[in-house]
Amino acid sequence: MPEFSLYKGIPRFSLTKSRLIHGLIAAAVLLALCVFGFVLSDIAIKGWRHIDFSFLTENPLDSGRAGGVLSILVSTLAVVLICLFIAIPLGVATALWLAEFSDSSKTRPIAAWLRRLIHLLSGIPSIVIGLFGFVFFCQILGLGYSLLAGGLSLACMALPLIIGTMEQDFRSLPSSLRQASSALAISHSAFIFHILLPVSAPALITATVLSIGRSLAETAVLLFTSGYVTRMPESVLDPGRVMSVHIFDLSMNVTGGDNKAYASALVLTALIIALNFFTKIVIARFKARL
Amino acid sequence: MHHGLAVLTALVGILVVFIFLFLLQESWPLLSKISPSRLFTDPSWHPSEEYYNVSAMVVATLLATLGALAIAAPLGIAFAIYCEFYAAPYLSKALSSILELLAGIPSVVFGLWGLVVLVPVISSWEGPGTSLLAGIIILSIMILPTGALLARSSLANTAQQWRQASAALGLSRWAMVKTIALPASKTGLINALIIQAGRALGETMAVLMVCGNIVAIPDSLFAPVRTLSANIALEMAYAMGDHRAALYSTGLILLILVTALLCFSRPNLTERSHA
């Protein structure tokens, strides 16, 4: 246990100093909140001015200077769904192995290494994943700039998030459930399918939502995997531009695109905030039922 | 069933190695032709004239990261201390929810705000506005929420009986924070710092939007800079041959930097459930 200088500590600290520091800390919190409030209200106000219902139902025209974001929203949705479709089964399977099958003396060191590698994966910069996705999915697998290549690259980013959330949840299963199922001589696979997985449903929702949030916010990965094209995609092999890339392109490469960039930023931010609230409600309901 | 799961797990684990190897393979056409030391000794970064010096971009990346940490770390730790030890329970809960929400805001949104609001403000002080300073500010805003959440979760590990003991001894709240909570959660706080440093190193879009993207070692905070990640995003669209290999080498350097950093950190489950 670390050694604490309790006895040295007592006389050194005066009440005035403590109050002063309380004030300083509160001021830091206030400063941070003000900055975020300022940024978000700027996005909300300027975005609101350039948004109307047709913005959501029209396709972009003139590099996005006119029209709306319908095709962009469709591409975004497609990329996110592809990402989830790949990352969730793979992530849950990995978490299941790490939590349920890796505790024998033979597998424990392997599992420790795999966890370390997955931790590294979670830290890889998104632009590097983008470079990898471009070579592997677009070129070697021949997918070209496509929604599929974008979704697969995103899945690489979402995996560590899903694995971390699910493994933690699998491991926190009440031991009474485990003991009860061994007492009833339920097979391990029946235990997994009928007890462990159903009980972990709220965690799966959390993991899904976190991945959706991360995918919606991601830009650098998709720059060179899902492409720049604003056209409405017709299949998963078509290229498509996602929201975050659209905002980036409008603000950096399109003169006079700022207004639509703000409107798109508002749509994206609102989507993420709505998702956050929606999940909180759903999870609270789930927990109340359990 | 469990063999199948083991294979899938191994596949996911090996993905990192896979990514590293593919980056190496794509940079090999250049790295086998020129000595890798030329990435740091060439006169400049002009890929069309076969000059591949990335050191100015490495310096810019490191400066932006350090600057962002210098702002975000104290603010984030103060935020965490406030939530954990000062705020009333309802306020603490509300602040955490706000942080979770802010952690999910896309970096392009911060970048857009930086470009439209922050850059003109900086330019009214000095220089073109798109600058190292703008990058530092945007990066620090970006990493603050997750950093504060991570710091809070490690402060929360301060054992309840230590808290009670310190209250019984009549320690002021700050004395408790300084002599008990901070030392006890030092590892967790450093871990949070490393993870956020990794994020700042690799962040692309926001930095690309506000930094000005001129390849030069900055002589002041107001000078425009280009980071490693921005360099890839900017030139990848039209790069061919050796130029493309040079960009993959840039990606490789970035990957090595971040991986080296992350080797000093440990997986943090809370980070994953909040990030």
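# Exercises on a Two-Chain Predicted Model

A:Leu131 lies in helix H6 (residues 126-140) of chain A; helices (H or I, at least four residues) and strands (E, at least two) are DSSP runs, numbered from the N terminus. The model is predicted: local features need pLDDT of at least 70, side-chain atom pairs count only at pLDDT 80 or more, and totals for chains, interfaces and linings use all residues. Residues are numbered from 1 along each chain as its sequence is written, while chains are lettered from A and ligands numbered from 1 in the order in which they are written.

## Exercise 1

Determine whether A:Leu131 is buried or exposed, and describe its surroundings.

**Solution.** Step 1: apply the criterion, in which a residue is buried if 20 or more other C-beta atoms lie within 10 Å of its own, exposed if 12 or fewer, and partly exposed in between, with C-beta atoms placed from the backbone. Step 2: A:Leu131 has 32 other C-beta atoms within 10 Å, and is therefore buried. Step 3: list the contacts, defined by C-beta atoms, placed from the backbone, that lie within 7 Å. Leaving aside neighbours within four places in sequence, A:Leu131 is in contact with B:Leu23, B:Ile232, B:Tyr248 and B:Gly251. Step 4: A:Ala220 is 89 residues from A:Leu131 in sequence, and their C-alpha atoms are 9.3 Å apart.

## Exercise 2

Characterise the interface between chain A and chain B.

**Solution.** Step 1: on chain A, 76 residues are in contact with 69 residues of chain B. Step 2: H2(A) gives the most to the chain A side, with 15 residues. Step 3: by class, this side has 52 nonpolar, 20 polar and four charged residues. Here Ala, Val, Leu, Ile, Met, Phe, Trp, Tyr, Cys and Pro count as nonpolar, Asp, Glu, Lys and Arg as charged, and the others, Gly among them, as polar.

## Exercise 3

Compare the expected and modelled spans of helix H5 of chain B, then locate its bend and its cover.

**Solution.** Step 1: the expected span is 1.5 Å times one less than the number of residues. Step 2: the 19 residues of H5(B) (residues 107-125) should therefore span 27 Å, and the end C-alpha atoms are 25 Å apart, which agrees. Step 3: H5(B) bends by about 40° at B:Gly114, the bend being the angle between axes fitted to the seven residues ending there and the seven starting there. Step 4: the buried residues of H5(B) include B:Phe110, B:Trp113, B:Leu118 and B:Ile122. Their cover includes H2 (15-49) and H13 (258-289) of chain A, together with H6 (132-155) and H10 (205-210) of chain B. Step 5: B:Gly127, with a positive phi near 70°, follows H5(B).

## Exercise 4

Place B:Val210 in the largest nonpolar core and identify what it touches.

**Solution.** Step 1: a nonpolar core is a set of buried Ala, Val, Leu, Ile, Met, Phe, Trp, Tyr and Cys residues joined through C-beta atoms within 7 Å. Step 2: the largest has 178 residues, and B:Val210 is among those that touch the most other members, with A:Val128, A:Leu159, B:Leu139 and B:Ala206. Step 3: not counting residues up to four places away in sequence, B:Val210 touches residues including B:Gly111, B:Gly114, B:Leu115, B:Leu118 and B:Val119.

## Exercise 5

Summarise the make-up of chain B.

**Solution.** Step 1: chain B contains 13 helices and two strands. Step 2: its C-alpha atoms fill a box of roughly 70 × 65 × 30 Å, taken along the principal axes. Step 3: of the 275 residues in chain B, 56% are buried.

How values were computed. Two residues are in contact if their C-beta atoms, placed from the backbone, lie within 7 Å.
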